[in-house]
Amino acid sequence: MKINELKELETKELQERIETEVAKYNQMKLNHSISPLANPSLIKATRRDIARMKTELRQRELNK
């Protein structure tokens with residue numbers, strides 16, 4: 001997800017998106033530990049997307 005797309009989201013939507021992405025990330029890690037994923041780089045990409053979302057959320061908190 002691009003940073004520009006994150007800035008367009010409202011704070012509540014961003015928090016909900018973070019929750020769903022974290023759940024998706026945890027499920028991918030669990031599935032990968034049981035049987036390897038076809039594309040394990042998705043785990044890394046998802047983790048970085050979560051970090052981008054959390055960074056944007058934190059910037060909004062600090063700018064209030």
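This passage describes helix 3 and its packing in a predicted model. Local features were taken at pLDDT of at least 70 and side-chain atom pairs at pLDDT 80 or more, whereas totals for chains, interfaces and linings use all residues. Residues are numbered from 1 along each chain as its sequence is written, and side-chain values use heavy atoms, with hydrogens and water left out.

Helix 3 comprises 22 residues, 41-62; helices are DSSP runs of H or I with at least four residues, numbered from the N terminus. Its end C-alpha atoms are 32 Å apart, which agrees with the expected span of 32 Å, taken as 1.5 Å times one less than the number of residues.

The buried residues of helix 3 (under 20% relative accessible area, 1.4 Å probe, protein chains only) are Ile 43, Thr 46, Asp 49, Ile 50, Met 53, Glu 56, Leu 57 and Arg 60. They cover an arc of only 155° around the axis, judged by the directions from the helix axis to the C-beta atoms, and therefore lie on the same side of helix 3. These buried residues pack against helix 1 (3-8) and helix 2 (11-34), contact being heavy atoms within 4.5 Å. Glu 56 has a relative accessible area of 9%. Apart from neighbours within four places in sequence, Glu 56 contacts Leu 6, Lys 7 and Leu 14.

The axes of helix 2 and helix 3, lines fitted to C-alpha atoms over the stretch in contact, with angles from 0 to 180 degrees between N-to-C directions, come within 9 Å and cross at roughly 155°. Helix 2 is therefore roughly antiparallel to helix 3 (angles over 145 degrees).

Definitions and conventions:
Helices (H or I, at least four residues) and strands (E, at least two) are DSSP runs, numbered from the N terminus. Buried means under 20% relative accessible area, exposed over 50%, partly exposed in between (1.4 Å probe, protein chains only). Angles under 35 degrees count as roughly parallel, over 145 as roughly antiparallel, 65 to 115 as roughly perpendicular and the rest as oblique.
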